[in-house]
Each structure stands twice: as structure tokens, then as C-alpha cells.
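Student: Please take a close look at a single part of this model for me, and then connect it to the rest of the chain in one continuous account. I would like each term to come with its cut-offs.

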Amino acid sequence: MGSSKLGALALSLVSVASLLAFACSSGGGLDLGAGGAGGEAGEDGSPGGSTSSGGKTGAGGRPPIPPATYQGCADLGFVYDGGACTTSCSSVRCDCDPFPTSYTGCHPDRGCLTAVDCELACELELGDVVSCIGDYAPCDSDQDCDAGRCVGAEGATQGNCEPGTSGSACLEQDDCLDGSCVVMDSDGASRCQPGENGTPCNVSSHCNTALDCILPATSFVGTCSDGENGSACFDKSDCESTICVGASADSASLGDCSDGSLGSSCASNVECQSGYCGKGSAGASDGTCTDGSAGSLCVFANQCESGLACVVKSGGGGLCSSGAIGEACLSGTDCKIGDCIAVDSFSSLCSAGELEQPCGENQQCESGHCRNGGGVERRGTCSDGAVGTACDNRDDDDCDDARCTQDSAGAGWTCGAGALGDRCSKPSHCVEGTCSLANETDTDGYCSDGADNASCKLDEHCQSERCALRSGGSGGTCTTGAVGALCVDDVDCVSTLCAFNAGNGYGQCTLGLLKSACSDTADCVEGSCAFSNGLGRGECTDGSLGAFCVVPQQCTSGHCYTGGNSAGLCQAGAKGEQCVRTQDCLSGVCTNLECQ
């Protein structure tokens with residue numbers, strides 16, 4: 001009956017919650033002395049009897065470890081027709097309360113489902129039952145399960161194949177390839193656990209050598225711990241540092257060992273190397289070890305360095321403060337210098353309104369400019385508003401001359417001068433010229449006088465009424481449209497011919513005559529276009545002797561002498577002419593860079 005499929009419910013292997021759905025009265029006591037679980041026990045696996053709560057296994061006083069239980073696909077009593085499922089399978093109906101449920105499925109080796117134990121199936125989630133239909137792999141012994149284990153087989157009762165690896169369901173110790181079978185909840189649902197630091201356990205024999213099973217006060221499920229920083233603990237004696245944070249005598253959860261370093265969790269000052277345990281509120285049980293300096297969390301003055309006060313906010317949490325500029329306050333009396341101002345919706349800081357000091361609004365600064373102020377959680381800084389100084393998005397009030405302009409990369413905003421060539425985001429930003437904006441919502445422009453090569457986005461921005469717009473909407477350049485002038489499109493040129501170079505993003509106006517610039521043959525009224533990628537330019541050519549060429553086919557003579565470069569001139573290939581290749585010569589012989 002060997003099978004590579006695992007017979008237990010696929011979903012029941014994922015979470016304890018799924019195992020709860022399958023828990024039933026079938027079960028078996030485990031050999032605790034061999035690393036199993038089941039029934040309250042002492043450190044050696046014998047029944048416990050102590051009334052103390054929490055700590056290492058053997059302390060007792062918590063709920064007894066229930067017998068391990070297990071139920072899988074085999075318990076659903078599936079019957080199959082033995083066929084190959086060549087047609088659609090018929091559904092199997094169960095009169096479940098409150099609504100009837102139908103099950104349909106095919107097993108790859110057993111065929112279509114024809115019957116199921118409705119009493120059990122109705123108690124389970126539909127998806128769990130359907131998953132079992134295809135995964136059903138009953139077993140009588142481990143030999144039926146390839147590398148896995150047969151869990152739950154006893155006498156005439158068949159079991160289910162489980163992988164036996166960490167996290168898989170189990171009923172006894174032998175169901176686990178490595179580690180131990182640990183009872184995980186009050187219904188006895190159990191799983192294989194590796195015994196590593198931080199993994200579940202019922203007794204210390206479930207943990208690897210040198211690890212203890214630390215149990216909460218009100219649960220038989222504990223955690224293997226090595227006592228190092230971050231490991232589980234119930235009492236300070238469980239930790240190498242003798243600091244256990246967060247454990248409770250009436251809780252089902254454990255605490256964590258701490259070394260008391262900055263940033264470590266703490267419950268009181270004595271648990272920190274610095275002597276300061278800052279908390280977010282007076283009622284908080286846990287906090288964080290701080291250095292007690294200005295800006296550190298606090299709820300009481302003894303959580304701050306000597307000479308600092310704990311300024312507690314209305315929400316309950318506070319910050320250590322000396323009353324200096326930029327430090328926390330609730331009122332002006334908390335500040336040694338300046339006044340206490342609200343810098344955002346949640347914080348107030350001491351400030352005198354001088355440059356680079358905190359602010360929330362413009363009027364809080366002597367300069368009248370508060371950069372980044374006014375937001376819900378945005379702490380501003382007093383600025384002089386000079387040209388080149390950063391400013392808030394579109395906030396002209398941040399600048400002395402009311403010109404907060406968008407940077408060319410579009411990532412920031414800076415106070416501008418409004419001169420020709422300067423950035424502008426509004427028509428009013430330009431002292432000289434016009435702001436080259438495409439529409440009312442555009443903020444990406446330059447102050448322009450419309451002269452040749454000046455910035456533009458519309459034809460009306462240019463004296464010539466020709467704006468050569470670059471692709472991508474990044475703006476353009478004013479052009480006269482004369483031969484040789486910059487262009488992007490044919491309409492940019494008086495000749496209506498623009499030799500556009502995609503690699504450069506622009507081109508030049510041309511008449512299309514021989515020797516005119518070109519990018520492709522359509523740019524040439526005379527001849528065809530010989531374009532050199534190496535030079536990044538082309539030229540209209542008729543292939544006559546001395547004409548521009550890139551390859552021999554562009555020459556009527558069939559000989560294009562390039563000197564080894566990416567372009568050259570057409571030649572006859574006669575004896576005595578220069579050559580670098582045999583095809584440069586009419587004779588087909590090139591010796592010492594000369595045709596023979």
C-alpha cells in the first residue's frame with residue numbers, strides 16, 4: 001500500500017486551528033521520558049505535583065498536558081469506485097445541519113468518490129474534506145509511507161501517512177523523524193518539533209541539550225530556551241543576564257531575556273545598563289532601554305538624565321527635555337529659551353523663531369518663512385527665503401520674492417530669481433521674459449525671451465512661432481526653421497524637412513539636396529541617405545566619386561574608402577589610391593595601404 005502521498009488533511013498540517021477541527025477522542029499517551037508529551041509531568045517525564053506557577057518544566061500548577069489526539073483523512077471513511085475517472089464524478093450528498101453538503105472528487109489511484117462518513121464530514125470545513133478526497137493515503141504501518149510515518153494505525157484502525165518532519169502532525173514520539181511530538185492545544189492536537197531554541201515544548205526533554213523548556217504560568221505549552229538575549233523566559237533565573245522582561249504570573253505568554261543594552265526591552269530602570277527604561281505611557285508594562293538624553297521616551301522624571309524634565313503629552317507618553325531650542329515642551333514654562341510652539345498636530349517644541357529653528361507656521365518665524373511646516377506630521381524649519389533656498393511644494397510664501405519653483409528633475413522646490421533661463425512654475429515667477437508652461441497645471445518651465453534656442457513648450461513662446469518640442473513632454477527649443485536650425489519635426493522647418501536623429505533627440509532643418517544632413521532617405525530630395533552610426537550623422541549622396549559613403553554599395557564605383565573609420569568617400573579603387581581592405585581596390589589587391 002506504499003504511497004508518496006500524505007494521508008493527513010493538507011490543511012490540518014498548516015495550523016493548530018485546523019487540528020482543532022479534527023481533534024477527537026482517539027489518542028494515546030506518550031512516553032515523556034523519551035521526549036514525548038501527554039499528561040502533566042515532571043522534568044523526568046513522571047507526573048508532576050508542585051503547585052508553583054510558571055518557569056521550567058516540573059514546576060507544575062498549570063493545566064495538565066492532555067493526551068495526544070489525531071484524526072486524518074482515513075477517518076472520513078472514503079469509498080471509491082476503483083475507476084480511472086474518465087468521466088465526471090458524481091457527487092456524494094450529506095444531510096448536514098443546517099444545509100446539505102455535496103462532495104465530488106477523484107483519487108488518482110482509486111477513482112471517483114462514492115461514499116463518505118457524513119457524521120464526521122458535516123463537522124468539518126468543506127475544503128478540508130475535498131482536500132482529503134485526492135490526498136487520501138491510508139496506512140497500516142510505516143512501511144506504507146515511504147520516508148514518512150504512519151500516524152494513528154492501531155489494530156483494525158488504519159492511520160494516515162505523515163512526513164514526520166518538523167511541524168507535521170503526530171500522535172507519539174515514533175511519529176517524528178527528528179525532535180519530539182509536542183501537544184500544542186487543549187484538544188491534544190500535537191506536532192513534531194525540532195527542540196531548537198525558540199520552538200514549542202511541553203517538558204525539557206523536548207529540547208536539545210543545554211536548553212530548558214520554559215513554561216508560562218497558565219499553559220502546558222512552553223518554549224525551548226538557551227537563556228541568551230531574546231530567548232524565552234518566565235523568571236530572571238531563566239536568563240544568563242538575570243533580566244527577564246514581559247513575563248506575567250497570570251499569563252499564558254512568556255517574556256524575553258534582555259541584556260539591558262540600548263534599544264532592549266525593559267519593564268523598569270533596573271533592567272537597563274543605562275538605568276533608564278523609557279515607556280510610551282504610564283500604564284505600559286514594557287518599555288525600551290534608552291540613554292535618558294533629550295528626546296528619549298519617558299513617563300516619569302527618573303527615566304531621564306539628571307537635569308532633564310519628562311514632558312508628558314496629553315496622550316500619556318512623554319519625552320525627556322532640557323528646555324533648549326528644539327526640545328519637547330507643553331507650555332512656555334518648559335522652555336529656557338523662546339516659547340513653546342506647536343510644530344505639528346502631535347508635537348510642541350521650544351523655539352525662538354530664528355533661522356533653522358523649529359516652526360509649524362510662517363508667523364512663528366522672524367523671517368516669516370517656515371519651510372515644511374503646516375502638515376499633520378511635518379515639523380518645519382525657519383528659513384530666510386533667499387534665492388536657492390529650498391521651499392515647500394508650490395508655497396511661494398516660503399520665498400522672499402514669492403517664487404517657489406520646481407527643480408528641473410521635478411523632485412524638489414527652490415526659491416528662484418526670475419531671470420531669463422531660471423526655473424519657473426507660475427507666470428508670475430518671471431521678472432524677465434515669459435514662463436514656458438504648457439497649460440495652467442504645468443509647473444515645469446523656464447523664464448524665456450523666445451529667441452532662437454530659448455526654452456518653449458508652445459509655438460507662442462517663440463519669436464519665430466516655432467517651438468521644436470522634444471519627445472516625452474520635457475519641453476522644447478525655439479527655432480528659426482532655417483536650414484541648419486534645430487528641429488524635431490518637419491513642421492519646425494521652413495523647408496518642411498527635418499533630419500531628425502532619434503539618438504540625439506533632435507535634428508536639423510535641411511533642403512534635402514546633395515551633401516545635406518539626413519537621417520534616412522526620406523530626408524533627401526536628391527540622392528539617398530548614407531548614415532553613419534559611428535559619427536551619429538548622415539549625408540544625402542548620389543554615390544559619385546568623392547561623395548560621402550558608409551558602405552561600398554552606396555558608391556557607383558562599388559568602392560567606399562573609410563580608412564578603417566565608420567564613414568568615408570567614394571573612390572575609383574584605381575592603382576595608387578589609398579586602401580585598408582581588398583574591396584577598396586578595383587584590382588582586389590591592397591598592399592601597404594595602396595591599391596595595386
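Tutor: The part to begin with is Q158, which is found in the loop between β10 (149–151) and β11 (159–162), where strands are DSSP runs of type E with at least two residues, helices are runs of H or I with at least four residues, and both are numbered from the N terminus. This is a predicted model, in which local features need pLDDT of at least 70 and side-chain atom pairs count only at pLDDT 80 or more, while totals for chains, interfaces and linings use all residues. Residues are numbered from 1 along each chain as its sequence is written, and side-chain values use heavy atoms, with hydrogens and water left out.

Q158 has a relative accessible area of 28% and is therefore partly exposed, given that buried means under 20% relative accessible area, exposed means over 50%, and partly exposed lies in between (1.4 Å probe, protein chains only). Although Q158 and A74 are 84 residues apart along the chain, their C-alpha atoms are separated by 6.7 Å.

The strand β10 that precedes this loop also leads to a charged pair, since R149 carries a side chain that meets that of D142 in a salt bridge, with 3.9 Å from N to O; the term stands for a side-chain nitrogen of Lys or Arg within 4 Å of a carboxyl oxygen of Asp or Glu. Side chains of opposite charge can pair when their charged atoms come close. R149, with a relative accessible area of 22%, is partly exposed, and D142, at 30%, counts as partly exposed as well.

A search of the whole structure finds 8 salt bridges, and two others among them pair a buried residue with a partly exposed one. In one of these, D401 forms a salt bridge with R403, the closest N and O atoms being 3.6 Å apart; D401 counts as partly exposed at 46% relative accessibility, whereas R403 is buried at 13%. In the other, the side chains of D584 and R581 meet at 3.2 Å, N to O; here the acidic partner D584 counts as buried at 0% relative accessibility, and R581, at 29%, counts as partly exposed.

Turning to covalent links, the whole structure yields 35 disulfides, a disulfide being a pair of cysteine sulfur atoms within 2.5 Å. One of them joins C399 and C415, whose sulfur atoms are 2.1 Å apart, and with -85° about the S-S bond this link is left-handed. It connects distant parts of the chain, 16 residues apart, with C399 in the loop between β30 (380–382) and β31 (404–406) and C415 in strand β32 (residues 413–415). Both C399 and C415 are buried.

Another disulfide joins C462 to C478, again with 2.1 Å from S to S, and because the torsion about its S-S bond is about -85°, the disulfide is left-handed. C462 lies in the loop between β36 (455–456) and β37 (467–469) and C478 in strand β38 (residues 476–478), so the pair ties together parts that are 16 residues apart in sequence. C462 counts as buried at 5% relative accessibility, and C478 counts as buried at 1%.

The disulfide of C298 and C310 likewise has its sulfur atoms 2.1 Å apart, but with 100° about the S-S bond this link is right-handed. Its cysteines are 12 residues apart, C298 in strand β23 (residues 297–298) and C310 in strand β24 (residues 309–312), and both are buried.

For the chain as a whole, there are 3 helices and 48 strands, and buried residues make up 44% of its 596 residues. With a contact taken as heavy atoms within 4.5 Å, residues 24 or more positions apart account for 37% of the contacts with a separation of 6 or more. The chain exposes about 27,800 Å², of which carbon and sulfur atoms supply 48%, as computed by the Shrake-Rupley method with a 1.4 Å probe, only the protein chains shown counting as cover for residues.

On confidence, the mean pLDDT of the chain is 86, and 89% of its residues reach 70 or more, on the predictor's per-residue confidence scale from 0 to 100. Over residues 1–53, however, the pLDDT is below 50, and beyond near neighbours in sequence this stretch has 150 contacts in the model. Where pLDDT is low, the predicted coordinates should not be read in detail.
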